[in-house]
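Open the model in a viewer and keep the sequence panel visible. The stops below are given as selections, each with a note on what is there.

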Amino acid sequence: MPGLGTSFGRGGATTALQDLQNADAILIMGSSMAENHPVGFRWVIAARERGATIIHVDPRFSRTSAMADMWVPLRAGSDIVFLGAMVNYVLANGLAFRDYVVAYTNAATIVDERFRDPEELAGLFSGFDEHAKRYSADTWGYAGADASSMRAPQRDPTLQHPRSVFQILKRHFGRYTPEMVEDACGVPAAAFLRIADAFCRASGPDKTAAICYAVGWTQHSTGVQIIRTAAILQLLLGNVGRPGGGILALRGHASIQGSTDIPTLFDILPGYLPMPAFDEHSRTLDAYIQKNSANSGWWSNLDKYIVSLLKAWYGDAATPANEFGFGWLPRITGDHSHLGYWLDMADARRDFEGLFVMGQNPAVGAPNARLERRALANLQWLVVRDMVETETATFWLDSPEVQRGELDPSTVRTEVFFFPAAAHAEKNGCFTNTQRLLQWRDKAVDPPGDARSESWFIFHLGRRLQARAAAENNPRDRALRALTWSYANVGPHGEPDIDHVLQEINGFETRDRALVSGYTSLAADGSTACGCWIYSGVYPERGRNRARDRDASGPYGKGWGYAWPADRRILYNRASARPDGAPWSDRKKLIWWDQNARAWTGLDTPDFTRDKPPSYVAPPGASGDAALAGDAPFIMHPDGMGWIWVPSGLKDGPLPVHYEPLESPVKNALYEQQINPVADPKARADNPYADSPGDPRYPYVLTTYRLTEHHTAGGMSRTLSHLAELQPALFCEISPALAEEIGAPNGATVSIATPRGVIEARALVTPRMQPLVVQGRTIHQVGLPYHFGGRGLVRGDVANDLVAISEEPNVRIMEAKALVCSVELKRR
């Protein structure tokens, strides 16, 4: 989540679903919230009933569009043009919340004189290495600032200095005009202006507006920068840290947020601590801390968090003498992401022998699924844990490759082990939902037969590996032997006590295992252990699991679980008060300074040092939180500011730039540079691309999406009769105009092709898809759900066979929401 993380300081949603009802306007973009987050959408409806304006911008007219006051279709992949024009609209019309912007953002900060904008460099920032295809951020820093702390930069509160962030921003987004929106997005200028005016004027001291997005923004080669543009817009309008404002990242599963907090990602450790790399900055613990911590702001505490994590993992074996076991952590040596290692698997690299697949179905749900299925045949062994036999478990038996004769089951050497998994109602534990909320679930029934929970499987696998490591006593297995792996067992099958696991995640004193009250109690001397510092406080004392709280009477859903960090429902909420500590307005008050109590108080847990007064000025030489002033709300940043400009932390620039998708029917109308210069298309013979721009073989824009009735790769829904009946077949949505162009009546079978493959689907001819006029010509778009595969009660071709494996430069996600295709009527 670096789009939010670099802008505000944390990579989680800034607000709570319940807070949407306090918004005066809500922009939903990159999401069909009513269909894919229907329970949370109730708060959008509550806002609308209170008079809020609901805006939906999406290539398709969906159930969300039907419930909105305004909807416009735009060309998939042109989101930054639309949002950038909204930024320009704010700046050109003097609509910025100036008092907020000057006090709480880095708009007044002066940028290094060596910086050059894409306006000057044909779409590139200064610092680009053409040979290496990457940027150096040396010229993106602040003028006069200490490079390591970003403290004491030059600032101009008048915002007039030509190298101030504010003036650079005005120049940068100057060409993002309503006319450019019409030309590049296909949205008429008049329609854009109505939306921009409605959203921007619902902001200010007495009003706030919110933005909701989902994977419709993230699954792009510019996904992080799309989110960055939204963050800039919200900072300019003063909508961050305030009731009814913020940016809500909508997560598609119960614990997608949790799987990044305590990550299934290769490049971060729990609590967003960087994974050490194989370089000089990770040779010692001190070097790692020096590289990744800050002299000011809350990340100055990184040493406490990493040492406490190491103590949680390695216990008594982690001592000052061995740097608390820091050397036992694995190191990043290359691209260890899903997409990177799958290409290694496809190339039959000898060091890639086996794979565990748990809670995923890449044979259907992954990009270029055809490549991924074929790659599975190069493994020696494959372990699949799921509630049903998925296409991944049977890739060797009934995949399209077998049916077409491209893969002979008798030659597949992969030994597949299928383990039945317990469902969510068959196991204890907690998940972390879309608003950072940890919620506990109690097991309702025992799982059937041999089905077991993930925790049971991993725990007992770990015990077997530890026993083998102890018997062999190989020096390379020291980390495995040192690992603390002694959770209490419960029940007839020896389930690990998940309550015990959550206590370890919360953290404890190592001398007596007394639980700590929160992350402020963690230390860097080995006296505390903590499995994930941002979750610390969820279990502050024995018998008090705050994830189990069920009193929902508090504001913003307070009481219905535990929101990290410290049960804050609205992050950066110091910004809800003026620099002097009083609310910006009575209508939008959230927290404020109580002079009598000498403390911050209000309707939420203050996201600020509780007793730090608004008048506090950091003394010379101060460090950590003490180096931040009493009017610096964004405490994770070393300057305490919201970052309109990102001086470091992103690989593709300090400001967003519109680049076309990796496959596009049109040229980039704004810059000579066509695509994100540091994105990685992973182009190769088994992952080919259309010629871009404008390959005549693939004239249409294709975007994929989810259905309400099916869930992701379909394993949990295509096997259920009531859901299968509601959506019984794969279809593609096309406009009546496109249907006439290709001669396809409603319900006809059509072939959809990209350079990666061809699939068949039923044509759903509907005005929900509308032709757009882009750069003077008609562009047709095709919508395709991705839930279908070869198993289950209902079956269909795999939509993700059409999607390329590619990597956005910051998070290595694929581009599945904007590619090109052909559509033809199937001739019998």
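Which residues does L236 touch, not counting residues up to four places away in sequence? Select L236 in this predicted model and display its contacts: V87, V90, L91, A96, F97, V101, F166, L169 and I644.

Next, widen the view to the core around that residue. L236, together with F82 and F199, touches the most other members of the largest nonpolar core, which has 90 residues. Select helix α5, residues 79-92: the largest share of this core, 10 residues, comes from this helix. A second core of 60 residues is separate, and L310, F324, W593 and L628 are among its members.

Now go to helix α8, residues 178-185, and colour P178, M180, V181, A184 and C185, the buried residues of the helix. Look down the axis of α8: these buried residues line one face of the helix, because they fall within an arc of 155°. To see what they pack against, add α5, α9 (189-200) and β26 (772-774) to the selection. Then step to G186, which follows α8 and has a positive phi, near 80°.

The last stop is helix α15, residues 338-346. Select H338, L339, G340, W342, L343 and M345, the buried residues of α15. Their cover includes β10 (354-358), α16 (362-365) and α17 (369-376), so named here for selection. Finish at A348, just after α15, where phi is positive at about 55°.

Terms used
Residues are numbered from 1 along each chain as its sequence is written. This is a predicted model: local features need pLDDT of at least 70, side-chain atom pairs count only at pLDDT 80 or more; totals for chains, interfaces and linings use all residues. Side-chain values use heavy atoms; hydrogens and water are left out. Buried means under 20% relative accessible area, exposed over 50%, partly exposed in between (1.4 Å probe, protein chains only). Helices (H or I, at least four residues) and strands (E, at least two) are DSSP runs, numbered from the N terminus. Contact means heavy atoms within 4.5 Å. A nonpolar core is a set of buried Ala, Val, Leu, Ile, Met, Phe, Trp, Tyr and Cys residues joined through side-chain atoms within 4.5 Å. The arc is that of the directions from the helix axis to the C-beta atoms.
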